[in-house]
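This report covers the backbone geometry, the chain contacts and the confidence of the model shown here.

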Amino acid sequence: MQRISEFVVGVMFGLGLMLSGMTDPGKVIGFLDLFGEWDPSLMFVMGGAIAVGFFAFAVAHKRTTNFFGGALHLPTAQQIDRPLMIGSLMFGAGWGLAGFCPGPALVSMAAGQDKAVVFVIAMVAGMIMEEFVERKMRR
Amino acid sequence: MSIDWTHFTPWSALAGGVLLGLASALFILLNGRILGISGILAGLLPAKAGDASWRITFMLGLIVSPLIMRAIAPAEMLPNPRIAANMTMVIVAGLLVGWGTRYGSGCTSGHGVCGLSRLSPRSMVATAMFMAAGFVTVFVLKHVV
(Lines give C-alpha, C1' and ligand atoms only; values in the text may rest on other atoms or scores of the structure.)
Protein backbone atom coordinates (compact mmCIF):
# COMPACT_ATOMS: atom_id res chain seq x y z
CA MET A 1 0.00 0.00 0.00
CA GLN A 2 2.80 2.39 0.92
CA ARG A 3 4.47 1.82 -2.45
CA ILE A 4 1.21 2.44 -4.33
CA SER A 5 0.50 5.67 -2.48
CA GLU A 6 4.05 6.96 -3.03
CA PHE A 7 3.66 6.36 -6.75
CA VAL A 8 0.19 7.91 -6.92
CA VAL A 9 1.37 10.95 -4.93
CA GLY A 10 4.26 11.36 -7.39
CA VAL A 11 1.81 11.32 -10.30
CA MET A 12 -0.53 13.78 -8.56
CA PHE A 13 2.31 16.13 -7.79
CA GLY A 14 3.51 16.06 -11.40
CA LEU A 15 -0.01 16.71 -12.71
CA GLY A 16 -0.37 19.59 -10.24
CA LEU A 17 2.88 21.12 -11.46
CA MET A 18 1.78 20.94 -15.09
CA LEU A 19 -1.78 22.16 -14.48
CA SER A 20 -0.61 25.06 -12.31
CA GLY A 21 1.84 26.36 -14.90
CA MET A 22 4.93 25.72 -12.78
CA THR A 23 6.49 23.67 -15.60
CA ASP A 24 6.49 26.76 -17.84
CA PRO A 25 9.64 28.77 -17.05
CA GLY A 26 8.08 31.75 -18.85
CA LYS A 27 5.23 31.73 -16.35
CA VAL A 28 7.59 31.45 -13.37
CA ILE A 29 9.66 34.36 -14.66
CA GLY A 30 6.45 36.31 -15.35
CA PHE A 31 5.65 35.90 -11.65
CA LEU A 32 9.15 36.90 -10.57
CA ASP A 33 9.07 39.97 -12.86
CA LEU A 34 7.50 42.25 -10.24
CA PHE A 35 8.66 45.41 -11.97
CA GLY A 36 7.55 44.46 -15.48
CA GLU A 37 4.38 42.82 -16.77
CA TRP A 38 3.56 40.82 -13.65
CA ASP A 39 1.72 37.46 -13.81
CA PRO A 40 0.31 36.79 -10.31
CA SER A 41 -0.75 33.18 -11.12
CA LEU A 42 1.87 31.58 -8.86
CA MET A 43 0.32 33.30 -5.84
CA PHE A 44 -2.77 31.21 -6.56
CA VAL A 45 -0.65 28.05 -6.81
CA MET A 46 0.91 28.72 -3.41
CA GLY A 47 -2.46 29.75 -1.93
CA GLY A 48 -4.23 26.61 -3.17
CA ALA A 49 -1.45 24.32 -2.00
CA ILE A 50 -1.11 25.87 1.46
CA ALA A 51 -4.89 26.00 1.99
CA VAL A 52 -4.93 22.19 1.75
CA GLY A 53 -1.52 21.56 3.30
CA PHE A 54 -2.27 23.62 6.39
CA PHE A 55 -5.01 21.22 7.56
CA ALA A 56 -3.02 18.10 6.70
CA PHE A 57 -0.01 19.24 8.72
CA ALA A 58 -2.23 20.32 11.60
CA VAL A 59 -3.43 16.69 11.72
CA ALA A 60 0.11 15.34 11.22
CA HIS A 61 1.51 17.37 14.11
CA LYS A 62 -1.01 15.76 16.48
CA ARG A 63 0.00 12.23 15.47
CA THR A 64 3.03 10.06 16.11
CA THR A 65 2.47 7.61 13.23
CA ASN A 66 1.20 7.85 9.68
CA PHE A 67 -2.19 6.36 8.71
CA PHE A 68 -0.53 3.04 7.86
CA GLY A 69 1.01 2.90 11.34
CA GLY A 70 4.54 3.66 10.15
CA ALA A 71 6.91 6.44 11.16
CA LEU A 72 6.00 10.09 10.69
CA HIS A 73 9.10 12.05 9.70
CA LEU A 74 8.53 15.71 10.57
CA PRO A 75 11.48 18.11 10.41
CA THR A 76 13.10 18.87 13.76
CA ALA A 77 15.56 21.63 12.80
CA GLN A 78 14.68 24.99 14.35
CA GLN A 79 17.72 27.13 13.80
CA ILE A 80 17.63 29.97 11.29
CA ASP A 81 21.28 29.88 10.29
CA ARG A 82 23.54 31.00 7.50
CA PRO A 83 23.34 27.82 5.40
CA LEU A 84 19.53 28.13 5.34
CA MET A 85 19.68 31.73 4.18
CA ILE A 86 22.64 31.57 1.79
CA GLY A 87 21.44 28.29 0.27
CA SER A 88 17.96 29.71 -0.28
CA LEU A 89 19.41 32.87 -1.88
CA MET A 90 21.47 30.70 -4.25
CA PHE A 91 18.42 28.61 -5.09
CA GLY A 92 16.33 31.73 -5.76
CA ALA A 93 18.99 33.18 -8.06
CA GLY A 94 19.06 29.95 -10.09
CA TRP A 95 15.26 29.80 -10.11
CA GLY A 96 15.06 33.32 -11.53
CA LEU A 97 17.82 32.69 -14.04
CA ALA A 98 16.15 29.77 -15.86
CA GLY A 99 12.63 29.60 -14.38
CA PHE A 100 13.02 26.00 -13.22
CA CYS A 101 12.83 24.68 -9.67
CA PRO A 102 13.56 20.99 -8.96
CA GLY A 103 10.08 19.42 -9.39
CA PRO A 104 9.11 21.13 -12.66
CA ALA A 105 12.61 20.50 -14.02
CA LEU A 106 12.25 16.75 -13.41
CA VAL A 107 8.78 16.67 -14.99
CA SER A 108 9.98 18.69 -18.01
CA MET A 109 13.00 16.39 -18.36
CA ALA A 110 10.64 13.41 -18.41
CA ALA A 111 8.56 15.21 -21.05
CA GLY A 112 11.70 15.25 -23.19
CA GLN A 113 12.73 18.90 -23.16
CA ASP A 114 16.43 19.23 -23.93
CA LYS A 115 17.04 22.28 -21.74
CA ALA A 116 15.35 20.59 -18.79
CA VAL A 117 17.61 17.54 -19.28
CA VAL A 118 20.68 19.79 -19.13
CA PHE A 119 19.26 21.66 -16.14
CA VAL A 120 18.66 18.43 -14.19
CA ILE A 121 22.19 17.16 -14.91
CA ALA A 122 23.64 20.47 -13.67
CA MET A 123 21.32 20.41 -10.64
CA VAL A 124 22.39 16.88 -9.66
CA ALA A 125 26.03 17.94 -10.12
CA GLY A 126 25.40 20.93 -7.85
CA MET A 127 23.87 18.66 -5.21
CA ILE A 128 26.82 16.25 -5.33
CA MET A 129 29.32 19.15 -5.16
CA GLU A 130 27.58 20.66 -2.14
CA GLU A 131 27.60 17.30 -0.34
CA PHE A 132 31.30 16.83 -1.16
CA VAL A 133 32.29 20.30 0.08
CA GLU A 134 30.21 19.95 3.23
CA ARG A 135 31.90 16.63 4.04
CA LYS A 136 35.35 18.18 3.55
CA MET A 137 34.46 21.14 5.78
CA ARG A 138 33.19 18.93 8.58
CA ARG A 139 36.50 17.10 8.81
CA MET B 1 4.21 47.20 -11.99
CA SER B 2 1.34 46.23 -14.28
CA ILE B 3 -0.58 42.97 -14.43
CA ASP B 4 0.11 40.66 -17.37
CA TRP B 5 -3.54 39.76 -18.08
CA THR B 6 -2.76 37.71 -21.20
CA HIS B 7 -0.80 35.11 -19.22
CA PHE B 8 -2.73 35.34 -15.93
CA THR B 9 -4.46 31.98 -15.27
CA PRO B 10 -5.96 32.09 -11.76
CA TRP B 11 -8.23 29.02 -12.08
CA SER B 12 -5.75 26.51 -13.43
CA ALA B 13 -3.15 27.90 -11.01
CA LEU B 14 -5.52 27.45 -8.09
CA ALA B 15 -6.59 23.96 -9.21
CA GLY B 16 -2.97 22.93 -9.75
CA GLY B 17 -2.06 24.37 -6.37
CA VAL B 18 -4.83 22.39 -4.66
CA LEU B 19 -3.49 19.23 -6.34
CA LEU B 20 0.01 20.01 -5.07
CA GLY B 21 -1.43 20.56 -1.58
CA LEU B 22 -3.38 17.28 -1.74
CA ALA B 23 -0.27 15.38 -2.83
CA SER B 24 1.72 16.91 0.04
CA ALA B 25 -1.13 16.09 2.45
CA LEU B 26 -1.31 12.44 1.36
CA PHE B 27 2.46 12.08 1.50
CA ILE B 28 2.77 13.19 5.11
CA LEU B 29 -0.38 11.41 6.32
CA LEU B 30 -0.02 8.12 4.42
CA ASN B 31 3.74 7.86 4.01
CA GLY B 32 4.95 10.03 6.86
CA ARG B 33 7.25 12.04 4.60
CA ILE B 34 7.68 15.68 3.72
CA LEU B 35 7.10 16.15 0.00
CA GLY B 36 10.25 18.07 -0.82
CA ILE B 37 11.62 17.33 -4.28
CA SER B 38 15.21 18.44 -3.71
CA GLY B 39 15.50 16.40 -0.52
CA ILE B 40 13.88 13.30 -2.01
CA LEU B 41 16.21 13.47 -5.03
CA ALA B 42 19.36 14.22 -3.05
CA GLY B 43 18.67 11.23 -0.80
CA LEU B 44 19.31 9.05 -3.86
CA LEU B 45 22.81 10.50 -4.48
CA PRO B 46 23.75 7.93 -3.30
CA ALA B 47 20.93 6.31 -1.32
CA LYS B 48 21.48 4.90 2.16
CA ALA B 49 20.47 1.27 2.66
CA GLY B 50 16.74 0.94 3.39
CA ASP B 51 16.02 4.57 2.53
CA ALA B 52 15.80 4.35 -1.25
CA SER B 53 12.59 2.56 -2.22
CA TRP B 54 10.08 5.24 -1.15
CA ARG B 55 12.13 7.86 -2.98
CA ILE B 56 12.26 5.75 -6.14
CA THR B 57 8.53 4.95 -6.28
CA PHE B 58 7.68 8.62 -5.75
CA MET B 59 10.15 9.69 -8.46
CA LEU B 60 8.74 7.11 -10.88
CA GLY B 61 5.27 8.60 -10.35
CA LEU B 62 6.61 12.10 -10.96
CA ILE B 63 8.40 11.01 -14.11
CA VAL B 64 5.42 9.23 -15.68
CA SER B 65 3.13 12.19 -14.94
CA PRO B 66 3.76 13.91 -18.32
CA LEU B 67 2.67 10.71 -20.10
CA ILE B 68 -0.52 10.57 -18.04
CA MET B 69 -1.14 14.27 -18.66
CA ARG B 70 -0.81 13.70 -22.39
CA ALA B 71 -3.26 10.80 -22.20
CA ILE B 72 -5.99 12.51 -20.16
CA ALA B 73 -5.77 16.27 -20.73
CA PRO B 74 -7.23 18.11 -23.73
CA ALA B 75 -4.58 19.46 -26.09
CA GLU B 76 -5.01 23.10 -25.03
CA MET B 77 -4.24 22.18 -21.41
CA LEU B 78 -0.89 20.55 -22.18
CA PRO B 79 2.13 22.53 -20.99
CA ASN B 80 3.56 24.84 -23.62
CA PRO B 81 6.81 25.92 -22.00
CA ARG B 82 8.56 29.17 -22.90
CA ILE B 83 12.26 28.84 -22.07
CA ALA B 84 14.12 32.10 -22.58
CA ALA B 85 17.40 31.04 -20.96
CA ASN B 86 20.26 29.90 -23.19
CA MET B 87 22.25 26.73 -22.46
CA THR B 88 24.94 28.53 -20.42
CA MET B 89 22.28 30.15 -18.24
CA VAL B 90 20.53 26.79 -17.86
CA ILE B 91 23.74 25.13 -16.64
CA VAL B 92 24.59 27.94 -14.19
CA ALA B 93 20.98 27.93 -12.96
CA GLY B 94 21.01 24.16 -12.47
CA LEU B 95 24.23 24.29 -10.45
CA LEU B 96 22.85 27.11 -8.27
CA VAL B 97 19.54 25.31 -7.72
CA GLY B 98 21.26 22.01 -6.88
CA TRP B 99 23.84 23.53 -4.54
CA GLY B 100 21.46 26.05 -3.00
CA THR B 101 18.62 23.61 -2.26
CA ARG B 102 21.02 21.26 -0.44
CA TYR B 103 22.77 24.01 1.51
CA GLY B 104 19.42 25.63 2.31
CA SER B 105 17.68 22.28 3.08
CA GLY B 106 14.83 22.61 0.60
CA CYS B 107 13.13 24.15 -2.40
CA THR B 108 9.71 25.42 -3.47
CA SER B 109 7.97 22.18 -2.43
CA GLY B 110 9.66 21.39 0.88
CA HIS B 111 9.96 24.95 2.19
CA GLY B 112 7.38 26.76 0.05
CA VAL B 113 4.46 24.32 0.29
CA CYS B 114 5.09 21.94 3.21
CA GLY B 115 7.09 24.34 5.39
CA LEU B 116 4.68 27.24 5.05
CA SER B 117 1.75 24.87 5.63
CA ARG B 118 3.44 23.78 8.89
CA LEU B 119 4.05 27.45 9.80
CA SER B 120 7.76 26.61 10.16
CA PRO B 121 9.82 29.75 10.85
CA ARG B 122 12.81 28.22 9.06
CA SER B 123 10.75 27.66 5.91
CA MET B 124 9.25 31.15 6.11
CA VAL B 125 12.77 32.60 6.11
CA ALA B 126 13.91 30.26 3.32
CA THR B 127 10.87 31.09 1.16
CA ALA B 128 11.33 34.84 1.70
CA MET B 129 14.99 34.46 0.72
CA PHE B 130 14.50 32.45 -2.46
CA MET B 131 11.59 34.62 -3.60
CA ALA B 132 13.62 37.78 -2.97
CA ALA B 133 16.61 36.36 -4.86
CA GLY B 134 14.27 35.37 -7.71
CA PHE B 135 12.75 38.86 -7.89
CA VAL B 136 16.19 40.49 -7.92
CA THR B 137 17.60 38.08 -10.52
CA VAL B 138 14.68 38.62 -12.91
CA PHE B 139 14.80 42.38 -12.33
CA VAL B 140 18.49 42.47 -13.25
CA LEU B 141 18.03 40.18 -16.28
CA LYS B 142 14.99 41.97 -17.68
CA HIS B 143 15.45 45.59 -16.70
CA VAL B 144 19.16 46.18 -16.10
CA VAL B 145 21.29 44.14 -18.51
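B:Leu119 is partly exposed, because 13 other C-beta atoms lie within 10 Å, and a residue counts as buried at 20 or more and as exposed at 12 or fewer. B:Leu119 sits in the loop between α5 and α6 of chain B. Its phi is positive, about 60 degrees, although B:Leu119 is not a glycine. The model is predicted.

B:Ser105 also has a positive phi, about 60 degrees, and is not a glycine. This serine lies in the loop between α4 and α5 of chain B. B:Ser105 is buried, because 23 other C-beta atoms lie within 10 Å and the cut-off is 20 or more.

Two further backbone features belong here. B:Gly32 follows α1(B), with a positive phi near 70 degrees. A cis peptide bond joins B:Leu45 and B:Pro46, with omega about -10 degrees. B:Pro46 is in the loop between α2 and α3 of chain B.

| Residue or bond | Angle | Value |
|---|---|---|
| B:Gly32 | phi | near 70 degrees |
| B:Leu45–B:Pro46 | omega | about -10 degrees |
| B:Ser105 | phi | about 60 degrees |
| B:Leu119 | phi | about 60 degrees |

**Helix α1(B)**

What span should the 22 residues of α1(B) have at 1.5 Å a residue? The expected span is 32 Å, and the end C-alpha atoms are 31 Å apart, so the two agree.

**Contacts between the chains**

How many residues of chain B are in contact with chain A? The count is 101, set against 105 residues of chain A. On the chain B side, the elements that give two or more residues are β1 (2–3), α1 (10–31), α2 (37–42), α3 (53–72), α4 (87–103), α5 (108–117) and α6 (121–144) of chain B. α1(B) gives the most, with 21 residues. By type, this side of chain B divides into 65 nonpolar, 29 polar and seven charged residues.

The chains also share strand pairing. Strand β1 (residues 37–38) of chain A runs parallel to β1(B), and two bridges join them. In β1(B), B:Ser2 is the bridge partner of A:Glu37.

**Nonpolar core**

The largest nonpolar core holds 82 residues. A:Ala105, A:Phe119, B:Ala23 and B:Leu96 have the most contacts inside it. With sequence neighbours within four places left aside, B:Leu96 is in contact with A:Met90, A:Phe91, A:Ala93, A:Gly94, A:Leu97 and A:Gly126. In soluble globular proteins, nonpolar side chains tend to be buried together.

**Chain A**

Chain A has six helices and one strand. Along the sequence, the pattern is α-α-β-α-α-α-α. Its C-alpha atoms fill a box of roughly 45 × 45 × 30 Å along the principal axes. Of the 139 residues of chain A, 55% count as buried. Among contacts in chain A between residues at least 6 apart in sequence, 38% join residues at least 24 apart.

**Confidence**

The model scores ipTM 0.96 and pTM 0.96. Chain A has a mean pLDDT of 96, and 100% of its residues reach 70 or more. Chain B averages 95, and 100% of the residues score at least 70. Within chain A, which element has the lowest confidence, and which the highest? β1(A) is lowest, at a mean of 94, whereas helix α4 (residues 82–98) of chain A is highest, at 98.

Methods:
Residues numbered from 1 in each chain as written. Chains lettered and ligands numbered in written order. Predicted model: local features only at pLDDT ≥ 70, side-chain atom pairs only at ≥ 80, totals over all residues. Contact = placed C-beta atoms within 7 Å. Helix = DSSP H or I, 4+ residues; strand = E, 2+ residues; numbered from the N terminus. Nonpolar A, V, L, I, M, F, W, Y, C, P; charged D, E, K, R; others polar. Pairing = 2+ DSSP bridges. Core = buried A, V, L, I, M, F, W, Y, C linked by C-beta atoms within 7 Å. pLDDT = per-residue confidence, 0-100. Expected span 1.5 Å × (residues − 1).
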